[in-house]
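Notebook open, model loaded. I want to jot down what I look up as I go, starting from one residue and working outwards.

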Amino acid sequence: MKTFDAQGARIPVLGMGTWTLNGPEAVDLITHGLKLGYRHIDTAAKYGNEAEVGAAIARSGVPRGDVFLTTKVWPTDLAPADFARSVASSLETLGTDYVDLLLIHWPNPAVPLEASIEALNLAHKRGQARHIGVSNFTLQMFAEARRLSPVALAAHEVERHPFLDQSKMAKACAEAGAALIAYTPLARAQDLDTDPVLGEIARAHGVSAVQVVLAWHFGLKGNIPVPRTSNPQRLTDNLKALDLVLTSEERAAIDALRSANRRVVNTVFSPDWDQP
Ligand SMILES: NC(=O)c1ccc[n+]([C@@H]2O[C@H](COP(=O)([O-])OP(=O)(O)OC[C@H]3O[C@@H](n4cnc5c(N)ncnc54)[C@H](OP(=O)(O)O)[C@@H]3O)[C@@H](O)[C@H]2O)c1
């Protein structure tokens, strides 16, 4: 699969989201995805499925070195000792010595950023994380994290789909040489089929609205979507979107949907989000 180079990290341009995928079905599904050609898996300590992800990688027969594996440290574990424990536990559960990308899952104002960025860098220094980054930071927090981190941040994972304007964050990531990993890239796939703009483009190409949205993602430089599906056929459908090329008019029509400014994900750790 094509990769994007961010601070030396070669990140496959389509990832497998894994939130809510648990148990034997998750092992089967992720194994299937790897056999289909997926080479980038997005998990987190909080998802409770690192054992399933590790089992799927082992079962797939794909060499560990060919898989770009991301995990994340939950915000209540950002103090240095907790952070180190969380990373060690993730690696043990995943059954691997290292992850390719380690992220701070959400900011936590109760822990000084300097301390969690230092802990993140320590994981890198120990070889537990090939690359490091953050998730759900504001522009100001991202700039501060970059300033504090001796190792360049390779990625910022944020919510991104056609209905949310992330152009300022995309610019900040590009300036940092970091990838923007787009989570909830399908806006949970609700209402996509009934959206008139996406529907018309989908009909013109004989594809689904989800595939149109994924093709739009692939056309954004440095933007890497990690869609999630529990359906093996849809893993194939989503992979096929890599071959779909939209016209500049179609891309512009999808870009215009950002004025909806609809955010899907919020937690108690959500910062005061930047306005577009
Ligand atoms: N860093 C963070 O804080 C954070 C936050 C949220 C998510 N994430 C990551 O991002 C990943 C994706 O985000 P998400 O799970 O929130 O939402 P999403 O990928 O935008 O949407 C998932 C939904 O889309 C449906 N879907 C997928 N492919 C489809 C297709 N080809 N046709 C029709 N429906 C399709 C799935 O249904 P079926 O299962 O029925 O196919 C599922 O209900 C997560 O799994 C996680 O890895 C990270």
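Where does aspartate 77 sit in the chain? I found aspartate 77 in the loop between strand E5 (68-73) and helix H3 (80-94). Note to self: this is a predicted model, so everything here is computed from predicted coordinates.

Next entry, same residue. Is aspartate 77 buried or exposed? I get 24 C-beta neighbours inside 10 Å for aspartate 77, so I put it down as buried; the cut-off for that is 20 or more. Leaving out residues up to four places away in sequence, I list Asp82, Phe83 and Ser86 as what aspartate 77 touches. I also checked aspartate 77 against serine 116: they are 39 residues apart along the chain, and their C-alpha atoms are separated by 9.0 Å.

Then I zoomed out to the whole chain. I count 10 helices and 10 strands. The radius of gyration comes to 18 Å, close to the 19 Å that the globule rule gives for 276 residues, so I call the chain as compact as a globular protein of that length. Along the principal axes, the C-alpha atoms fill a box of roughly 55 × 45 × 30 Å. Of the 276 residues, 46% are buried. I looked at contacts with a separation of 6 or more, too: 73% of them come from residues 24 or more positions apart.

On to the ligand. How many residues surround the ligand? I have 27 in the shell, and the closest are Gly17, Trp19, Leu186, Ala189 and Arg228. By class, I split the shell into 10 nonpolar, 11 polar and 6 charged residues. Which element gives the most to this shell? That is helix H9 (residues 232-240), with 3 residues.

Since H9 had come up, I looked at its packing. For a packed pair of helices, the angle between the axes and the distance between them are what I should write down. For helix H1 (residues 23-36) against H9, I get an angle of about 30° and axes 10 Å apart. The crossing of H1 and H9 is right-handed. Which residues meet there? From H1 I noted Leu29, His32, Gly33 and Leu36; from H9, Pro232, Leu235, Thr236 and Leu239. I sorted the contact of H1 with H9 by class: 5 nonpolar, 3 polar and no charged residues.

Last note before closing: H9 goes down twice in my notebook, once for the ligand shell and once for packing with H1.

Conventions. Residues are numbered from 1 along each chain as its sequence is written. This is a predicted model: local features need pLDDT of at least 70, side-chain atom pairs count only at pLDDT 80 or more; totals for chains, interfaces and linings use all residues. Helices (H or I, at least four residues) and strands (E, at least two) are DSSP runs, numbered from the N terminus. The radius of gyration is taken over C-alpha atoms; the globule rule is 2.2 Å times the number of residues to the power 0.38. A residue is buried if 20 or more other C-beta atoms lie within 10 Å of its own, exposed if 12 or fewer, and partly exposed in between; C-beta atoms are placed from the backbone. Two residues are in contact if their C-beta atoms, placed from the backbone, lie within 7 Å. A residue is near a molecule or strand if its C-beta atom, placed from the backbone, lies within 6 Å of it. Ala, Val, Leu, Ile, Met, Phe, Trp, Tyr, Cys and Pro count as nonpolar, Asp, Glu, Lys and Arg as charged, and the others, Gly among them, as polar. Axes are lines fitted to C-alpha atoms, for helices over the stretch in contact, and angles run from 0 to 180 degrees between N-to-C directions. A crossing is left-handed if the near helix is turned anticlockwise from the far one by less than a right angle, and right-handed if clockwise.
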